[in-house]
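Me: Could you walk me through this model, one question at a time? I would like to see how each answer is reached.

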Amino acid sequence: NNYQAEYGRNASAVVNIISKSGTREFHGSAYWFKRNEALNANNFFNNRTGLRRPLYRHDIYGGTIGGPVYIPNKFNTNRDKLFFFYSRENLRTFTPQDPRTVTMPTQLERAGDFSQTLDVSGRLIAIKDPTSGTQFPGNVVPSARINKNGQAILNIFKLPNFFDRSISGGNYNYQWQQVSEVPKKQNMLKMDYSLSANDRVSVRVRTWWADTRQYNIFGTIQSNWDLLQSHYLFTENSIAGTWTRVITPRSVNEFTASYRALAETSPKRSANEYDPITRSVRGLSTLGQWYPKENPDDIVPQLSFGGVPSAANLATDVLGRLPIQAHDYRYTVVNNLSLTSGAHALKFGVYWEFNNASEGPRSNFSGNFAFGRDVNNPFDSNWAYSNALLGNFLSYTESTKRTTGRNVVTLWECFAQDSWKVNRKLSLEYGLRFSLGSAWTF
(Lines give C-alpha, C1' and ligand atoms only; values in the text may rest on other atoms or scores of the structure.)
Protein backbone atom coordinates (compact mmCIF):
# COMPACT_ATOMS: atom_id res chain seq x y z
CA ASN A 1 0.00 0.00 0.00
CA ASN A 2 1.04 3.63 -0.22
CA TYR A 3 2.77 4.97 2.84
CA GLN A 4 1.44 7.87 4.86
CA ALA A 5 2.19 11.52 4.19
CA GLU A 6 4.48 11.50 7.23
CA TYR A 7 7.13 9.66 5.21
CA GLY A 8 6.85 11.02 1.67
CA ARG A 9 9.96 12.26 -0.15
CA ASN A 10 11.00 8.97 -1.77
CA ALA A 11 9.23 6.16 -3.54
CA SER A 12 9.71 2.43 -2.84
CA ALA A 13 9.97 0.90 0.62
CA VAL A 14 10.27 2.78 3.89
CA VAL A 15 12.24 1.29 6.80
CA ASN A 16 12.06 2.75 10.29
CA ILE A 17 14.96 1.97 12.63
CA ILE A 18 14.73 2.86 16.30
CA SER A 19 17.85 2.65 18.44
CA LYS A 20 17.54 0.67 21.64
CA SER A 21 17.42 2.38 25.01
CA GLY A 22 18.72 1.28 28.37
CA THR A 23 16.36 0.02 31.08
CA ARG A 24 16.35 -0.11 34.88
CA GLU A 25 18.36 -3.33 34.75
CA PHE A 26 21.75 -3.93 33.20
CA HIS A 27 21.73 -6.08 30.08
CA GLY A 28 24.44 -6.87 27.54
CA SER A 29 25.42 -9.14 24.71
CA ALA A 30 28.57 -10.24 22.87
CA TYR A 31 29.11 -12.04 19.58
CA TRP A 32 31.83 -13.19 17.20
CA PHE A 33 31.54 -14.46 13.63
CA LYS A 34 34.56 -16.06 11.96
CA ARG A 35 35.32 -17.29 8.48
CA ASN A 36 38.68 -18.60 7.23
CA GLU A 37 39.98 -19.85 3.88
CA ALA A 38 41.37 -22.94 5.63
CA LEU A 39 37.81 -24.26 5.44
CA ASN A 40 37.56 -23.58 1.70
CA ALA A 41 38.96 -25.41 -1.31
CA ASN A 42 40.65 -23.49 -4.09
CA ASN A 43 38.29 -23.10 -7.03
CA PHE A 44 38.58 -24.96 -10.31
CA PHE A 45 39.69 -21.99 -12.41
CA ASN A 46 42.41 -20.93 -9.97
CA ASN A 47 43.79 -24.46 -9.99
CA ARG A 48 43.67 -24.53 -13.78
CA THR A 49 45.71 -21.34 -14.16
CA GLY A 50 48.04 -21.88 -11.20
CA LEU A 51 46.64 -19.22 -8.86
CA ARG A 52 46.99 -20.02 -5.17
CA ARG A 53 44.03 -20.20 -2.84
CA PRO A 54 43.51 -16.59 -1.71
CA LEU A 55 42.91 -15.29 1.78
CA TYR A 56 39.23 -15.30 2.69
CA ARG A 57 38.83 -14.16 6.28
CA HIS A 58 35.95 -12.48 8.02
CA ASP A 59 36.06 -11.61 11.69
CA ILE A 60 33.02 -9.74 12.96
CA TYR A 61 32.73 -9.16 16.66
CA GLY A 62 31.00 -6.77 18.95
CA GLY A 63 28.75 -6.31 21.90
CA THR A 64 26.14 -4.18 23.60
CA ILE A 65 25.50 -3.00 27.12
CA GLY A 66 22.71 -0.92 28.57
CA GLY A 67 21.22 0.07 31.86
CA PRO A 68 20.67 2.92 34.30
CA VAL A 69 23.15 5.69 35.12
CA TYR A 70 23.04 6.24 38.86
CA ILE A 71 25.04 6.90 42.02
CA PRO A 72 23.72 4.96 45.03
CA ASN A 73 22.03 7.24 47.56
CA LYS A 74 22.99 10.35 45.54
CA PHE A 75 21.71 10.38 41.97
CA ASN A 76 18.94 8.51 40.20
CA THR A 77 18.64 6.18 43.16
CA ASN A 78 15.40 4.69 41.84
CA ARG A 79 17.07 4.09 38.48
CA ASP A 80 14.14 5.64 36.62
CA LYS A 81 15.63 8.91 35.30
CA LEU A 82 18.79 8.43 33.25
CA PHE A 83 19.59 5.42 31.06
CA PHE A 84 22.28 4.51 28.55
CA PHE A 85 22.73 2.00 25.76
CA TYR A 86 26.04 1.42 23.96
CA SER A 87 26.89 -0.86 21.05
CA ARG A 88 30.21 -1.53 19.35
CA GLU A 89 31.00 -3.61 16.29
CA ASN A 90 34.35 -4.33 14.65
CA LEU A 91 34.81 -6.00 11.31
CA ARG A 92 38.08 -7.25 9.85
CA THR A 93 37.58 -8.78 6.44
CA PHE A 94 39.87 -10.14 3.74
CA THR A 95 37.72 -10.89 0.69
CA PRO A 96 39.16 -12.26 -2.57
CA GLN A 97 38.14 -10.56 -5.78
CA ASP A 98 37.67 -12.36 -9.08
CA PRO A 99 40.95 -13.14 -10.91
CA ARG A 100 41.77 -10.61 -13.62
CA THR A 101 43.73 -10.99 -16.83
CA VAL A 102 45.40 -8.36 -19.01
CA THR A 103 47.97 -8.12 -21.78
CA MET A 104 51.23 -6.49 -20.67
CA PRO A 105 54.00 -5.27 -22.98
CA THR A 106 56.70 -7.94 -23.04
CA GLN A 107 60.36 -7.45 -22.19
CA LEU A 108 61.24 -7.75 -25.91
CA GLU A 109 58.59 -5.22 -26.92
CA ARG A 110 59.94 -2.67 -24.44
CA ALA A 111 63.30 -2.97 -26.20
CA GLY A 112 61.71 -2.58 -29.64
CA ASP A 113 61.64 -6.26 -30.60
CA PHE A 114 58.16 -7.28 -31.80
CA SER A 115 59.32 -10.43 -33.57
CA GLN A 116 57.26 -12.54 -31.16
CA THR A 117 54.18 -10.33 -30.96
CA LEU A 118 51.24 -12.43 -32.15
CA ASP A 119 47.54 -11.79 -32.55
CA VAL A 120 44.84 -14.07 -31.09
CA SER A 121 45.12 -16.28 -34.20
CA GLY A 122 48.83 -16.80 -33.63
CA ARG A 123 49.90 -14.63 -36.59
CA LEU A 124 52.72 -12.13 -36.35
CA ILE A 125 51.55 -8.53 -35.98
CA ALA A 126 53.51 -6.47 -38.51
CA ILE A 127 54.96 -3.31 -36.96
CA LYS A 128 55.05 -0.58 -39.57
CA ASP A 129 57.49 2.28 -39.92
CA PRO A 130 55.27 5.39 -39.90
CA THR A 131 57.71 7.26 -42.12
CA SER A 132 57.50 4.71 -44.94
CA GLY A 133 54.42 2.64 -44.22
CA THR A 134 56.43 -0.57 -44.55
CA GLN A 135 57.21 -3.19 -41.92
CA PHE A 136 60.33 -2.67 -39.82
CA PRO A 137 63.03 -5.20 -40.83
CA GLY A 138 62.71 -8.25 -38.58
CA ASN A 139 59.74 -6.52 -36.95
CA VAL A 140 62.21 -4.67 -34.73
CA VAL A 141 62.12 -0.94 -34.06
CA PRO A 142 65.68 0.47 -34.33
CA SER A 143 67.01 1.73 -31.03
CA ALA A 144 67.53 5.19 -32.54
CA ARG A 145 63.79 5.43 -33.20
CA ILE A 146 62.73 4.56 -29.65
CA ASN A 147 61.18 7.45 -27.76
CA LYS A 148 62.59 7.51 -24.21
CA ASN A 149 59.33 8.75 -22.67
CA GLY A 150 57.38 6.11 -24.59
CA GLN A 151 59.75 3.42 -23.34
CA ALA A 152 59.42 4.72 -19.78
CA ILE A 153 55.64 4.52 -20.15
CA LEU A 154 55.82 0.84 -21.14
CA ASN A 155 58.17 0.17 -18.24
CA ILE A 156 55.47 1.32 -15.80
CA PHE A 157 53.71 -1.98 -16.47
CA LYS A 158 54.65 -5.30 -14.94
CA LEU A 159 56.14 -8.10 -17.00
CA PRO A 160 53.94 -10.96 -18.26
CA ASN A 161 53.53 -13.95 -15.94
CA PHE A 162 51.23 -16.28 -17.93
CA PHE A 163 52.38 -17.89 -21.16
CA ASP A 164 50.03 -20.81 -21.86
CA ARG A 165 48.26 -19.70 -25.03
CA SER A 166 46.22 -22.92 -25.06
CA ILE A 167 44.37 -21.44 -22.08
CA SER A 168 44.62 -17.70 -22.79
CA GLY A 169 43.99 -17.97 -26.52
CA GLY A 170 46.38 -15.07 -26.92
CA ASN A 171 43.94 -12.76 -25.12
CA TYR A 172 46.20 -12.10 -22.15
CA ASN A 173 49.67 -12.77 -20.75
CA TYR A 174 49.27 -11.60 -17.16
CA GLN A 175 46.97 -12.75 -14.39
CA TRP A 176 46.48 -11.61 -10.84
CA GLN A 177 44.02 -11.85 -8.00
CA GLN A 178 43.74 -9.43 -5.17
CA VAL A 179 42.31 -9.68 -1.68
CA SER A 180 40.44 -6.65 -0.45
CA GLU A 181 41.10 -5.78 3.19
CA VAL A 182 38.31 -3.73 4.76
CA PRO A 183 38.46 -3.07 8.51
CA LYS A 184 35.36 -1.34 9.89
CA LYS A 185 34.32 0.10 13.24
CA GLN A 186 30.92 1.24 14.43
CA ASN A 187 29.95 2.86 17.73
CA MET A 188 26.56 3.96 18.97
CA LEU A 189 25.70 5.56 22.31
CA LYS A 190 22.20 6.55 23.30
CA MET A 191 21.30 8.44 26.47
CA ASP A 192 17.71 8.85 27.69
CA TYR A 193 16.63 11.21 30.47
CA SER A 194 13.14 11.49 31.95
CA LEU A 195 12.70 15.14 32.81
CA SER A 196 9.23 14.46 34.17
CA ALA A 197 6.35 12.07 33.75
CA ASN A 198 5.50 13.88 30.50
CA ASP A 199 8.93 14.81 29.14
CA ARG A 200 11.73 12.62 27.86
CA VAL A 201 14.97 13.70 26.17
CA SER A 202 17.18 11.36 24.14
CA VAL A 203 20.60 11.94 22.59
CA ARG A 204 22.18 9.48 20.18
CA VAL A 205 25.78 9.63 18.96
CA ARG A 206 26.97 7.34 16.18
CA THR A 207 30.36 6.90 14.50
CA TRP A 208 31.27 4.79 11.47
CA TRP A 209 34.76 4.13 10.09
CA ALA A 210 35.60 1.92 7.09
CA ASP A 211 38.99 1.73 5.40
CA THR A 212 39.11 -0.18 2.11
CA ARG A 213 42.68 -1.26 1.35
CA GLN A 214 43.41 -2.73 -2.05
CA TYR A 215 44.60 -2.11 -5.59
CA ASN A 216 42.52 -0.08 -8.02
CA ILE A 217 40.34 1.57 -5.49
CA PHE A 218 37.55 4.08 -5.68
CA GLY A 219 38.90 7.60 -5.21
CA THR A 220 42.49 6.85 -6.24
CA ILE A 221 43.82 4.54 -9.00
CA GLN A 222 41.40 2.38 -10.98
CA SER A 223 43.63 0.56 -13.44
CA ASN A 224 42.94 -3.05 -14.41
CA TRP A 225 46.10 -4.47 -12.82
CA ASP A 226 47.96 -4.34 -9.52
CA LEU A 227 49.68 -0.98 -9.90
CA LEU A 228 49.11 0.91 -6.66
CA GLN A 229 47.85 -0.40 -3.37
CA SER A 230 46.21 2.46 -1.50
CA HIS A 231 43.16 2.96 0.64
CA TYR A 232 39.78 4.68 0.61
CA LEU A 233 38.69 5.90 4.03
CA PHE A 234 34.98 6.48 4.61
CA THR A 235 33.76 7.99 7.87
CA GLU A 236 30.35 9.10 9.04
CA ASN A 237 29.65 10.73 12.38
CA SER A 238 26.27 11.94 13.57
CA ILE A 239 24.44 13.22 16.59
CA ALA A 240 20.69 13.51 17.09
CA GLY A 241 18.67 14.88 19.98
CA THR A 242 14.95 14.27 20.55
CA TRP A 243 12.54 15.84 23.03
CA THR A 244 9.23 14.01 23.42
CA ARG A 245 6.45 15.72 25.38
CA VAL A 246 3.10 14.24 26.27
CA ILE A 247 0.93 17.37 26.20
CA THR A 248 -2.31 15.62 27.07
CA PRO A 249 -3.34 11.96 27.08
CA ARG A 250 -4.47 12.53 23.47
CA SER A 251 -1.61 14.71 22.15
CA VAL A 252 2.12 14.11 21.89
CA ASN A 253 4.79 16.36 20.39
CA GLU A 254 8.19 15.13 19.21
CA PHE A 255 11.03 17.49 18.30
CA THR A 256 14.31 16.24 16.77
CA ALA A 257 17.46 18.03 15.63
CA SER A 258 20.43 16.24 14.08
CA TYR A 259 23.82 16.78 12.47
CA ARG A 260 25.67 14.38 10.19
CA ALA A 261 29.18 14.64 8.74
CA LEU A 262 30.45 12.29 6.05
CA ALA A 263 33.97 12.16 4.65
CA GLU A 264 35.70 10.28 1.82
CA THR A 265 39.48 10.58 1.90
CA SER A 266 42.57 8.70 0.80
CA PRO A 267 45.42 10.07 2.90
CA LYS A 268 48.89 8.71 2.18
CA ARG A 269 50.05 6.07 4.61
CA SER A 270 53.71 6.75 3.82
CA ALA A 271 55.73 9.46 2.10
CA ASN A 272 56.60 7.18 -0.84
CA GLU A 273 53.18 5.55 -1.28
CA TYR A 274 52.70 7.22 -4.69
CA ASP A 275 56.11 6.20 -6.05
CA PRO A 276 54.59 3.67 -8.51
CA ILE A 277 52.64 6.52 -10.17
CA THR A 278 55.07 9.43 -9.77
CA ARG A 279 56.55 10.83 -12.99
CA SER A 280 59.99 11.54 -11.59
CA VAL A 281 60.24 8.03 -10.12
CA ARG A 282 59.02 6.40 -13.33
CA GLY A 283 61.51 8.19 -15.58
CA LEU A 284 59.04 10.70 -17.00
CA SER A 285 60.59 13.88 -15.62
CA THR A 286 60.90 15.33 -19.12
CA LEU A 287 57.32 14.53 -20.09
CA GLY A 288 55.69 17.95 -20.03
CA GLN A 289 52.23 19.14 -19.07
CA TRP A 290 50.19 22.15 -20.07
CA TYR A 291 49.01 22.84 -16.51
CA PRO A 292 51.52 21.23 -14.12
CA LYS A 293 50.25 23.32 -11.17
CA GLU A 294 47.09 21.20 -11.23
CA ASN A 295 49.22 18.09 -10.65
CA PRO A 296 51.16 18.86 -7.45
CA ASP A 297 51.74 15.16 -6.70
CA ASP A 298 53.48 14.71 -10.09
CA ILE A 299 51.18 11.83 -11.09
CA VAL A 300 51.86 9.96 -14.33
CA PRO A 301 49.28 10.43 -17.12
CA GLN A 302 46.42 8.05 -17.69
CA LEU A 303 47.17 5.53 -20.43
CA SER A 304 45.07 3.42 -22.78
CA PHE A 305 46.05 1.02 -25.58
CA GLY A 306 43.10 0.35 -27.87
CA GLY A 307 43.34 -2.68 -30.12
CA VAL A 308 45.42 -4.80 -27.73
CA PRO A 309 43.32 -7.70 -26.41
CA SER A 310 42.58 -7.06 -22.70
CA ALA A 311 45.14 -4.27 -22.77
CA ALA A 312 46.62 -3.10 -19.49
CA ASN A 313 45.78 0.49 -18.73
CA LEU A 314 46.47 3.21 -16.20
CA ALA A 315 43.49 5.18 -14.96
CA THR A 316 42.68 7.35 -11.98
CA ASP A 317 39.35 7.53 -10.18
CA VAL A 318 36.53 7.89 -12.70
CA LEU A 319 36.01 11.50 -11.54
CA GLY A 320 39.72 12.32 -11.45
CA ARG A 321 40.00 12.68 -7.66
CA LEU A 322 43.49 11.66 -6.58
CA PRO A 323 43.78 11.95 -3.68
CA ILE A 324 40.07 12.12 -2.91
CA GLN A 325 38.88 14.78 -0.46
CA ALA A 326 35.09 14.75 -0.25
CA HIS A 327 32.96 15.98 2.66
CA ASP A 328 29.19 16.15 3.16
CA TYR A 329 27.36 17.91 5.99
CA ARG A 330 23.65 17.68 6.79
CA TYR A 331 21.56 19.49 9.39
CA THR A 332 17.93 18.55 10.04
CA VAL A 333 15.14 19.81 12.29
CA VAL A 334 11.85 17.90 12.59
CA ASN A 335 8.74 18.54 14.65
CA ASN A 336 5.73 16.19 14.67
CA LEU A 337 2.48 16.60 16.58
CA SER A 338 0.16 13.61 17.06
CA LEU A 339 -3.47 14.04 18.10
CA THR A 340 -6.16 11.47 18.82
CA SER A 341 -9.79 12.48 18.49
CA GLY A 342 -12.41 9.77 18.60
CA ALA A 343 -11.85 7.49 15.59
CA HIS A 344 -9.26 9.85 14.12
CA ALA A 345 -5.48 9.64 14.60
CA LEU A 346 -4.18 12.95 13.28
CA LYS A 347 -0.58 13.90 12.70
CA PHE A 348 1.04 17.15 11.58
CA GLY A 349 4.69 17.86 10.99
CA VAL A 350 7.35 20.19 9.61
CA TYR A 351 10.78 19.25 8.30
CA TRP A 352 13.86 21.36 7.51
CA GLU A 353 17.10 20.12 5.99
CA PHE A 354 20.31 21.84 4.94
CA ASN A 355 22.91 20.01 2.87
CA ASN A 356 26.42 21.15 2.10
CA ALA A 357 27.94 18.41 -0.04
CA SER A 358 31.14 17.95 -1.96
CA GLU A 359 32.33 15.01 -4.04
CA GLY A 360 35.83 16.48 -3.92
CA PRO A 361 37.95 18.40 -6.43
CA ARG A 362 38.22 16.55 -9.73
CA SER A 363 39.66 16.87 -13.22
CA ASN A 364 41.87 15.18 -15.78
CA PHE A 365 44.78 16.81 -13.95
CA SER A 366 47.58 14.41 -14.97
CA GLY A 367 46.69 14.17 -18.66
CA ASN A 368 45.44 11.23 -20.68
CA PHE A 369 47.33 9.54 -23.53
CA ALA A 370 45.55 7.20 -25.94
CA PHE A 371 47.89 5.01 -27.98
CA GLY A 372 45.20 2.93 -29.66
CA ARG A 373 45.27 1.88 -33.29
CA ASP A 374 43.65 4.12 -35.90
CA VAL A 375 44.02 3.53 -39.63
CA ASN A 376 43.39 7.25 -40.19
CA ASN A 377 46.41 8.16 -38.08
CA PRO A 378 49.40 8.52 -40.44
CA PHE A 379 51.75 7.74 -37.53
CA ASP A 380 50.03 4.48 -36.60
CA SER A 381 52.46 1.53 -36.43
CA ASN A 382 49.76 -1.19 -36.32
CA TRP A 383 50.08 -1.98 -32.57
CA ALA A 384 49.32 0.23 -29.56
CA TYR A 385 52.43 -0.74 -27.60
CA SER A 386 54.69 0.02 -30.57
CA ASN A 387 52.90 3.35 -30.98
CA ALA A 388 53.85 4.19 -27.40
CA LEU A 389 57.44 3.05 -27.94
CA LEU A 390 57.73 5.34 -30.97
CA GLY A 391 56.16 8.23 -29.07
CA ASN A 392 53.15 8.35 -31.40
CA PHE A 393 49.85 8.85 -29.62
CA LEU A 394 46.35 8.95 -31.02
CA SER A 395 45.15 11.69 -28.67
CA TYR A 396 46.06 13.59 -25.54
CA THR A 397 43.71 15.48 -23.23
CA GLU A 398 44.26 17.47 -20.05
CA SER A 399 42.09 19.72 -17.88
CA THR A 400 42.89 23.35 -17.32
CA LYS A 401 41.95 23.21 -13.62
CA ARG A 402 40.21 21.15 -10.98
CA THR A 403 36.58 21.80 -10.17
CA THR A 404 35.38 21.92 -6.58
CA GLY A 405 32.09 20.06 -7.05
CA ARG A 406 30.44 21.57 -3.95
CA ASN A 407 26.65 21.60 -3.78
CA VAL A 408 24.42 23.43 -1.31
CA VAL A 409 20.65 22.95 -1.00
CA THR A 410 17.94 23.67 1.57
CA LEU A 411 14.67 21.75 1.87
CA TRP A 412 11.44 22.67 3.69
CA GLU A 413 8.53 20.24 4.05
CA CYS A 414 5.24 19.97 5.93
CA PHE A 415 2.48 17.39 6.10
CA ALA A 416 -0.92 16.63 7.56
CA GLN A 417 -2.55 13.21 7.71
CA ASP A 418 -5.44 11.35 9.26
CA SER A 419 -5.96 7.67 10.02
CA TRP A 420 -9.74 7.37 10.34
CA LYS A 421 -11.26 4.12 11.53
CA VAL A 422 -14.75 4.56 10.10
CA ASN A 423 -15.90 1.21 11.48
CA ARG A 424 -14.45 -2.22 12.13
CA LYS A 425 -14.58 -3.02 8.41
CA LEU A 426 -13.42 0.27 6.93
CA SER A 427 -10.37 2.43 7.61
CA LEU A 428 -9.25 5.47 5.62
CA GLU A 429 -5.72 6.84 5.32
CA TYR A 430 -5.39 10.26 3.71
CA GLY A 431 -3.08 13.25 3.91
CA LEU A 432 -1.04 15.87 2.11
CA ARG A 433 2.67 16.61 2.02
CA PHE A 434 4.30 19.69 0.55
CA SER A 435 7.97 20.11 -0.30
CA LEU A 436 9.93 23.20 -1.27
CA GLY A 437 13.58 22.87 -2.18
CA SER A 438 15.99 25.64 -3.00
CA ALA A 439 17.95 25.56 -6.23
CA TRP A 440 21.24 23.74 -5.99
CA THR A 441 24.11 26.19 -5.70
CA PHE A 442 27.64 25.22 -6.70
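**Surface, sheets and rings**

Reply: Happily! Ile-71, Phe-75, Tyr-193, Leu-195, Trp-243, Phe-255, Tyr-331, Val-333, Trp-352, Trp-412 and Leu-436 make up a nonpolar surface patch, together offering about 1000 Å² of accessible area. Patches take residues with over 30% relative accessible area and no salt bridge, joining nonpolar side chains (Val, Leu, Ile, Met, Phe, Trp, Tyr) within 5 Å and like charges within 9 Å. A salt bridge is a side-chain nitrogen of Lys or Arg within 4 Å of a carboxyl oxygen of Asp or Glu, and areas come from the Shrake-Rupley method with a 1.4 Å probe, where for residues only the protein chains shown count as cover. This is a predicted model in which local features need pLDDT of at least 70 and side-chain atom pairs count only at pLDDT 80 or more, while totals for chains, interfaces and linings use all residues. Residues are numbered from 1 along each chain as its sequence is written, and side-chain values use heavy atoms, with hydrogens and water left out.

Me: Is Leu-436 buried or exposed?

Reply: Leu-436 sits in strand 16 (residues 426-437); strands (E, at least two residues) and helices (H or I, at least four) are DSSP runs numbered from the N terminus. Buried means under 20% relative accessible area, exposed over 50%, and partly exposed in between (1.4 Å probe, protein chains only). Because its relative accessibility is 55%, Leu-436 counts as exposed.

Me: Which strands stand at the edges of the sheet of eleven strands?

Reply: The order in this open, antiparallel sheet is 1-2-3-6-7-8-9-11-12-15-16, and two strands count as paired if DSSP finds at least two bridges between them. An edge strand here has a single partner, so one side of it is left without a neighbour in the sheet; that describes strand 1 (27-35) and strand 16.

Me: In strand 6, what is the bridge partner of Tyr-86?

Reply: Strand 3 (residues 82-96) runs antiparallel to strand 6 (residues 179-194), and the two pair over 15 bridges. In strand 6, Tyr-86 is matched with Leu-189.

Me: In what sense do strand 10 and strand 13 pair?

Reply: An open sheet of three strands has the order 10-13-14 with mixed pairing. Ser-304 has Ala-370 in strand 13 as its bridge partner. Strand 10 and strand 13 (residues 368-370) share three bridges, and their sense is parallel.

Me: Why is the pair of Phe-157 and Trp-225 called tilted?

Reply: Rings of Phe, Tyr and Trp (its six-membered ring) pair if their centres lie within 6.5 Å; planes under 30 degrees apart count as stacked, over 60 as edge-to-face and the rest as tilted. The centres of Phe-157 and Trp-225 are 5.3 Å apart and their planes stand at 40°, so this pair is tilted.

Me: How many residues apart are Tyr-259 and Tyr-331?

Reply: These two rings also form a tilted pair, 4.9 Å from centre to centre with 40° between the planes. Tyr-259 belongs to strand 9 and Tyr-331 to strand 11, so the pair links distant parts of the chain, and Tyr-331 is partly exposed at 36% relative accessibility. Along the chain they are separated by 72 residues.

Me: Which peptide bond is cis?

Reply: Pro-323 lies in the loop between strand 10 (302-304) and strand 11 (325-341). With omega near -5°, the cis bond runs from Leu-322 to Pro-323.
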